[in-house]
Each structure stands twice: as C-alpha cells, then as structure tokens.
Amino acid sequence: MKQNFKNLAIILLVICSAIFVIVSIFYGIQMKKILSQYQSSVDAKRINFVNQDIKNTKNINAKILDSLNNQIWTLAKVKTSKSKEVLEQVYFNENFIGWVAVATNDGWFITNSPLTDYKNLVVISNKNEVINIESGYRDPILNIHYLKANKNGLEPIAIADPSGMIVGEDAYLIKPNLYNYQNEAMFNSIRNLHSRFINNKLDLVHKPDDFILYGLLNSYNEENLPIVNSEAQLMGFSVNKSGVSYFIPSRYLRYSIKSFFANNNKAVYPTTGISYIDLSEVVLTDQSLSKKGAYVYSVTKPSELQKGDIITYIGGDEINEIRQLNTILLDYGPDSKVSVTYIRNGKEQKTDITLGQLLIK
C-alpha cells in the first residue's frame, strides 16, 4: 500500500512538473510577445516613420506649419558673453550655422548643414531654449550629421514613406527664421525621381557610394534645408548643384537612421563592389543591348560578375528607370546574400552574391 502511494505521489509530481514546464513556456512566449510589442511601441514613439501613402494636394496650412516649429530648429555656435549689455548677449547672424530636425524623442537631431566639427554647438528651439550638443556623428555616404543632446520629451519629425512620392507632388523647403524662431515655407514640387549631375561621360558611371537624388521644379539657391510635403512629413534634405535644387529623398534617410541606431551610432551601407552604367539613362549606338539594367563597368570586390554583364534583377526587383541598383540594395543591407539575374553574351544567367560593407574614409 505504501509503495502504491509512493508511486502515485511520484506520478503526480511528474505530471505537476510537466504542467509547470508547459505553463512556464506558454507564459514565457506570451511575455516575450508582450515585451516585443512594448519595445516596438517605444521605438515607434522614439522615431516617427510614416508607413502610409498620404496624398493631400492642398497647400500646407498654418496649423501644419506651426507643428514644424516644434521639430525644425536653428543650429548655432555657442555664444558666451559676460557683458550686461543685452545686445551683446543676443545670438546674431555670425552665430547661426544651419538647422536641425528632431530625429528622436530622447535628444537626437539630424541635419545636412555643413559641419566640420561638433564642438561648441547649440540648438535653439522655437521657445528660445538653448540646448547644448554633447556629441556628433557623420554619415559619410549622405553627408548628414547626427547630433546628441541631453534632452527628452521631444517631438520627432514624421519621415515620409518614400514609396508614395510622385512627379509633380507639392514640396516645401522649410527655412527657420533666425530671429523669431518660426519657420518659413517656400513652395516647390518634385520635377523627377531620378537625377544625376552629368558634366562628362565618366559621370554616367555610378560608383558604389553614389545615390539617386530627386529634382525640384524651381531652382532655388537655398541649400541644406529640410523638405516636407503638405502633411508636414520630411521628404528629404535639399542640396544645390550649379544653381539647381535637388534633394536627398527620405528612402535614404530612413535607411541611414535605422542603420545608425542599429550599429552603435554608425550608418553602415551595403555594396556589390561594382561600378555600373544605368542603361535607362543613356542612348547607345548598339541597339541590341538592353534599354534598362545596370551595365557592369568595373568590379572592385571579388565577384562572379564581370565587366560587360548587364544586371537586370536583384532578387525580385527589376532595375529600371525608377528602381536603380544602389537604391535596391538598401532593402537588404551588408552581409545579405542576394540573387542576381544578369545577361552575359546575350544569355540570361543567375548567381548568388554576398553584399559587402561600403567603407568611406
């Protein structure tokens, strides 16, 4: 009888242990899911990526423009003055060096204002608050800067979904007013989605670190300014070349921001190690060649591809007048293994290559 009781106790103990393990695993999975959802929620609040296509062709209104006053501020060199004369204490033209957009709610700013160092920088908010910059980092591919301040509770600017941008869409260059800290909006619109600076034939060769710029309709000489759509979403940063206004589109900004925070304050870009000519950009005397695709001009990274190959697809993405090779790579990232479809000697072939990391000194 005692033995039977002992056996029953052992069986019950085993069953209870099994139930405990199963329940623990179940609740462990549920807890991980809850924590994951919580982290996603926190990250979503920290960085404001817009993931829907909003098409509002109305002019930007005062309410939307006013919201940008909380997100686009002036950048200055710190001013120190022991003078009791008020005008000697005022931040003036020579102190202002650019602008910043609020990137995160915990004190990160982004800008493409020209900076040579990160010493003695301050951000001046729309409430005339002077915020000290503690450190800075540069994305050498886009030539944008990340600046960090000890400041929480900020309102990160919404960064537009790049897939929704179209030719003719309204765009506004936002210029902070240096003296009342309110922003000015200069109307513009997208001229094209595929721009290049072409001065000679070699400029037609895309290097691994080249990226596509979008064109603006009007040629303002204003450069290094944020560009927003009519919903106050950041579409990109303006750049000026030979008196023509272009802009770095949000597709690159979103990649840079994600990579920057995922790689310990360093934006890391993928590369095939290939320089190429985009056949959709040129007219050739040899009409037998494809009218689109990336013609391999040179290979600097060991690869199965060689000069003269025409890359037509990266994975399932076709290379064409809208989807350019270096842009498609942003969907993958360094160390990714990708399928490449290419034409060699008139025959279509496929191979897999591992993307490398683009290094800029």
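Which residue in β2 is the bridge partner of Trp73? Have a look at the strands before reading on; the reply is in point 1.

1. **The β1 neighbourhood.** Val100 is the residue in β2 that partners Trp73. Keep in mind that this is a predicted model. Strand β1 covers residues 72–77, and β2 covers residues 96–102. The two run antiparallel and are held in register by five bridges. β1 also pairs with β4, again in the antiparallel sense, this time over four bridges. One contact point there is Lys77, whose bridge partner in β4 is Leu121. Strand β1 is mostly covered, with five of its six residues buried.

2. **The main core.** Next, the nonpolar residues inside. The largest nonpolar core has 50 residues, and Ile110, Leu142, Ile248 and Tyr269 have the most contacts inside it. Helix α4, residues 250–262, is the top contributor to this core, giving five residues. Apart from this core lies another one of 16 residues, including Val296, Leu329, Val338 and Ile353.

3. **A closer look at Ile110.** Leaving out residues up to four places away in sequence, Ile110 touches Trp99, Val100, Ala101, Ala103, His145, Tyr146, Leu234, Phe237 and Ile257. You've met Val100 already: it is the bridge partner of Trp73.

4. **Two odd backbone angles.** Most residues other than glycine have a negative phi. Asn128 has a positive one, near 65°, and Ala232 also has a positive phi near 65°. Asn128 belongs to the loop between β4 (121–124) and β5 (130–139), while Ala232 sits in the loop between β11 (226–228) and β12 (234–241).

5. **Buried or exposed?** How do Asn128 and Ala232 count? Asn128 has 48% relative accessibility, so it counts as partly exposed; the cut-off for exposed is over 50%. Ala232 has 7%, so this residue counts as buried, since buried means under 20%.

6. **Empty space inside.** There are three cavities of 30 Å³ or more, and the largest holds about 100 Å³ of space. Its lining has 14 residues, and those closest to its centre are Pro208, Asp210, Tyr269, Asn326 and Leu330. Two elements, β14 (269–271) and α5 (325–328), each give two or more residues to that lining. Try sorting the lining by type: you should get ten nonpolar, two polar and two charged residues. Tyr269 is worth finding on screen, as one of the residues closest to the cavity centre and one of those with the most contacts inside the largest core.

How values were computed:
Residues are numbered from 1 along each chain as its sequence is written. This is a predicted model: local features need pLDDT of at least 70, side-chain atom pairs count only at pLDDT 80 or more; totals for chains, interfaces and linings use all residues. Side-chain values use heavy atoms; hydrogens and water are left out. A nonpolar core is a set of buried Ala, Val, Leu, Ile, Met, Phe, Trp, Tyr and Cys residues joined through side-chain atoms within 4.5 Å. Buried means under 20% relative accessible area, exposed over 50%, partly exposed in between (1.4 Å probe, protein chains only). Contact means heavy atoms within 4.5 Å. On a 1 Å grid over the protein atoms alone, a cavity is a set of points where a 1.4 Å probe fits but cannot get out, and a pocket is an open set with protein on both sides within 12 Å along at least five of seven lines; lining residues have an atom within 4 Å of a point. Grid points are joined across faces, edges and corners, and a volume is the space filled by probe spheres set on the points. Ala, Val, Leu, Ile, Met, Phe, Trp, Tyr, Cys and Pro count as nonpolar, Asp, Glu, Lys and Arg as charged, and the others, Gly among them, as polar. Two strands pair if DSSP finds at least two bridges between them.
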